[in-house]
Amino acid sequence: MSKITMSQLTHPQRVRLLYKTILRLHRGLPTELRALGDNYVRDEFRRHLKCNPMEAQLFMTEWARYASTITKQLGLRGKPKGELGEPLDAQSVEMLKDDQVVQLYELMLATKALNGDTITADDVRGSNQ
């Protein structure tokens, strides 16, 4: 039986494979984070269905990097090994479009609420105002 390589897959097949891989990886997340993550991934992949080829390449690269990071953080058994995620540096945030900043902010508020953290006035206003 011959093995199929990534280069033999069509773009839609690669997108579908990455999408399903991420959802499978999310099974190792705590229940609340899994639901939040699954919804976010579905929304992002739907939102980028009709993007241009350059955006599609960047989208796939970043989501593949995310999948790689989550794989390392969950380990072979699919259980979190310490903290999940990674900090965003200021340069990465500066490169985001306005709607992406809003989306990131909303995600931050949602994760704080899931963790039972108090949402402060600084969170609502933005800490750099």
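I looked up where helix α2 meets helix α5 (helices are DSSP runs of H or I with at least four residues, numbered from the N terminus): E32, L33, L36, Y40, D43, E44 and R47 of α2 touch Q103, L107, A110, T111 and L114 of α5. Contact here means heavy atoms within 4.5 Å. I sorted the residues of this contact into six nonpolar, two polar and four charged (nonpolar: Ala, Val, Leu, Ile, Met, Phe, Trp, Tyr, Cys and Pro; charged: Asp, Glu, Lys and Arg; polar: the others, Gly among them).

A note on what I am reading: this is a predicted model, where local features need pLDDT of at least 70, side-chain atom pairs count only at pLDDT 80 or more, and totals for chains, interfaces and linings use all residues. Residues are numbered from 1 along each chain as its sequence is written, and side-chain values use heavy atoms, leaving out hydrogens and water.

Next I checked the geometry. α2 (residues 31-47) and α5 (residues 98-114) pack at about 165°, with axes 10 Å apart (axes are lines fitted to C-alpha atoms over the stretch in contact, and angles between N-to-C directions run from 0 to 180 degrees). The two helices are therefore roughly antiparallel (over 145 degrees).

Then I turned to α1 (residues 11-25) and α3 (residues 53-74), which pack at about 30° with their axes 10 Å apart. That makes α1 roughly parallel to α3 (under 35 degrees). On the α1 side I found H11, R14, V15, L18, I22 and L25, and on the α3 side residues including M60, W63 and Y66. I noted twelve nonpolar, two polar and one charged residues in this contact.

Notes
Angles under 35 degrees count as roughly parallel, over 145 as roughly antiparallel, 65 to 115 as roughly perpendicular and the rest as oblique.
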